[in-house]
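Trainee: Please give me a close look at one small part of this protein, residue by residue, and then show me how other parts of the chain are described in the same way. I would like the cut-offs stated where they are used.

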Amino acid sequence: MKKSTKLKRKILLVGAGVSSLIYIGWRMFFTIPVDYGLISFIAGLLLVTSEAVGIIEAFSHYRNLSSDKCPEKPDIPNYWYPHVDVFIATHSESTELLYKTINGCIHMDYPDKSKVHVYICDDSDRLEMKLLAKKMGIGYIGIKPEDNKHAKAGNINNALSKTDSPLIVTFDADMIPRSDFLMETIPYFYLPLMKKDENKNWVKREKDEIDKDYKIGFIQTPQSFYNPDLFQYNLFAEQNIPNEQDYFFKEVNVGRNRTNSPIYAGSNTVISRQALEEAGGITVGTITEDFATGMKIQANGYRCYAIPKVLANGLAPTDFKSLLKQRQRWGRGCVQTLRSFKFLFSNLPIRSKLSYITCLLYWGTFFRRFVYIISPILYTVFGLVVVECSFKELLFIWMPSYILYNCALRVLSGNIRNQKWSNIVDTIIFPYMIIPIFLETIGIKLKKFAVTPKNRVSSKNTEIHYAIPHIILIIATLIGLIFSIEEIIKYKAIGGLVLVYWSIMNLYFLIMSVFFMCSRVNYRNEERYYTKLNAEIHTKNNILKGVTSDISEGGMAIILDTPEYIPYDEDIDIRIYYLGYKASVKGSIAHVANVKDKWKYSVKINHIDEKNKREYYQIVYDRDHTLPTKMKSNTIKELFNNTVKRVKSTTFSNRKLPRIPLGVFVRTSEGQSVEIINFNYEYILIRNNNYNQDIMDINLSEDLILKCKIQSVNEDNGNRLYHIENWKEISNNIELKAILLGWINKTEKTTTYKEEVANV
């Protein structure tokens, strides 16, 4: 980072920090309504407390994110790479889901692949999992449900007792690793032994230089997802907003390296066996065993790091019920762990303890969100004063703090998150988080552990009943907004503008929440990646070379330069290449479309053998997802998308041959001149020119005749659609292809000329 950029960031952070301190000091000592009754006093106190806690969180984030604490990966010799046990934990997931994860694991690069030991860790002891492990050539470690009283923790601990590699990798059942996962993580464990020389090359430390107290506990990589999360998808934001978890894993958790408190997330992690054994294995008796285990490893003096590079992708929850269960488990688990672990009296350094306190404070966000929404309603609807201040004070104290906070968050988060989207997410789920977090705080534990479902919902799953609290708050906010505007008009109370702004923002967050609950139809069973890969289509008569525009588990779209005839009623061979992978599959044409001056052929995969399936899955999944990584938020556009796109009907086309627009004249066998509007090998559309024969032969040459039979007549314009009876015979004709290309070029030139004339 340039010095000038660093200086600007520092000035911004200092400005945001100072303005926040001034603001919260003013709020605490000058604005609490002490003279307006008990209810007003309590409401005002709750609001200022919520703001104070928010500022404490902000200071923690500012401090952690303001400096780069991610270590550089050392270069180590190949013979240093140790044996590694890879644990794929499964509970009730399908074999097809596990297949993709296992396939990614066995394709991970390593200097000596015999040192990589992959295991299915099955806590349901299922026969189908044993057979899958045998088929994939990996290990299987099962445990009967009645013998495992500690869920995932018991499952992993059982696997630990039966393996002995010095490093352990943990993956959830749906997390598919990239091929470079091990090569990008294992070297960090040699940081205590490495240093850079004067030429900035990595070299081994001398024995007397090695710090024996510096030992690596775990390396946590981001939990990333190849499908849009519910916030992206339900709000039509999958092209503009990064995944909701990106901010935590790429920014917040990496920032926690500064205090040696990155959170072990249970998946996409490499752990030292020694560190794990010293911690007593995976912690039992908590619903977030990974969170607790990471704290114990850090308390034992191990240095742990989170890195921002995405090295595995999984499946985000695809329905709101699953999302809520996941977040409630995370929240309750965090509270439960920090309470039972008694971390304030642990061996964790003070900086780590403070970092975990802010982690605990985060789960109060949802109550604070409720306070921020209800406060203007209390004043505008019920007349309860919650803040005692003047408009000038708001203008010169609140506004600078508000603006600087938002600017600082945007800069520090790498443009992954802003306050608006944080508020949208929190508003959506706050009604269903407050009570569970409160119950856990007072010691009422969650009795039953629930695994987040890994199945995909591929149809509309409307959750509108979850929006009832939001709708009630929308009505109350609208009433308050009307009263505020009326007061401004009647009494010219300029200070009411702040209330109007506050209410409008809350209204926006609440409306977006209702849009979210209205859900959105998901027509796809598999996620697709937008990527350009070399591909070949092999037919009986031709080999066509093209480039993919997107690819998925069940098919792909291939871009060709010219509109080619490809049989849609029979399987075709498709060969695709990526990095060192190559796969051959059999598929059929599902749809053909004209995209600018190219032709897109969508292909559905029908048959694939085992060898090619493994290669093809790597082609699909061994890559970065194609979802956005930077925020492009636009409030007006977001509202537009969530209103217009929801009422817009979706149409589907089953066109399986290229419809080629022509506008050329040809002669029939009778000598009649007719104009071809478009042509798709099987059908031909003729413009109405008083030609009314039901049978028509078009002589393109002595040896090339299109034998046409009337199919239908358009009653509005008289255009006639003919079926080409000998279409299969002539579709692969070289002469026809040459004639078509001539027509297409002529049409394109004519179109370009007309556009140029129109511009003049």
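Mentor: The account below starts with the whole protein, goes on to two residues that touch each other, and ends with several helices and loops.

This is a predicted model, in which local features need pLDDT of at least 70 and side-chain atom pairs count only at pLDDT 80 or more, while totals for chains, interfaces and linings use all residues. Residues are numbered from 1 along each chain as its sequence is written, and side-chain values use heavy atoms, with hydrogens and water left out.

The protein has 760 residues, 53% of them buried (under 20% relative accessible area with a 1.4 Å probe, protein chains only; exposed is over 50%, and partly exposed lies in between). Its C-alpha trace spans about 100 × 80 × 60 Å along the principal axes. There are 22 helices and 25 strands (DSSP runs numbered from the N terminus: H or I of at least four residues for a helix, E of at least two for a strand). Of the contacts (heavy atoms within 4.5 Å) with a separation of 6 or more, 74% join residues 24 or more positions apart.

The part to look at closely is the pair Asn260 and Gln298, which touch each other. Asn260 sits in the loop between α8 (246-255) and β10 (269-272). Although Asn260 is in a loop, its relative accessible area is 11%, so it counts as buried. Its side chain reaches the backbone oxygen of Tyr302 at 3.1 Å. That falls under the cut-off for a polar contact, a pair of N or O atoms within 3.5 Å; within protein, one atom must be able to donate a hydrogen and the other to accept it, and residues adjacent in sequence count only if both atoms are side-chain atoms. Setting aside residues up to four places away in sequence, Asn260 touches Gln298, Tyr302, Arg303, Cys304 and Ser352. Tyr302 therefore appears both in this list and as the partner of the Asn260 side chain.

Gln298 belongs to helix α10 (residues 289-299). With a relative accessible area of 2%, Gln298 is buried. Its contacts, apart from neighbours within four places in sequence, are Phe218, Asn260, Ser261, Pro262, Cys304, Leu348 and Tyr356. Cys304 is in the contact lists of both Asn260 and Gln298. The C-alpha of Gln298 is 9.2 Å from that of Ala279, a residue 19 places away along the chain.

Another buried polar side chain can be read in the same way. Asn506 is in helix α18 (residues 496-518) and is buried, with a relative accessible area of 2%. Beyond its neighbours within four places, Asn506 is in contact with Arg369, Tyr372, Ile373 and Pro376.

By contrast, Ile468 in helix α17 (residues 468-491) is partly exposed at 49% relative accessibility. Its C-alpha lies 8.6 Å from that of Val514, 46 residues apart along the chain.

Whole helices can be described by their cover. In α15 (residues 419-429), 11 of the 11 residues are buried, including Lys420, Trp421 and Asp426. Helix α19 (residues 610-621) has 10 of its 12 residues buried, among them Lys613, Arg614, Glu615 and Tyr621. From first C-alpha to last, α19 reaches 16 Å, close to the 16 Å expected at 1.5 Å a residue (the expected span is 1.5 Å times one less than the number of residues). Helix α11 (residues 320-341) has 22 residues and reaches 31 Å, close to an expected 32 Å.

Backbone angles come last. Most residues other than glycine have a negative phi. Lys342, which follows α11, has a positive phi near 50°. Phe236, in the loop between α7 (230-234) and α8, has a positive phi of about 50° although it is not a glycine. Lys492, in the loop between α17 and α18, likewise has a positive phi of about 50°. Phe236 is buried, with a relative accessible area of 13%, whereas Lys492 is exposed at 70%.
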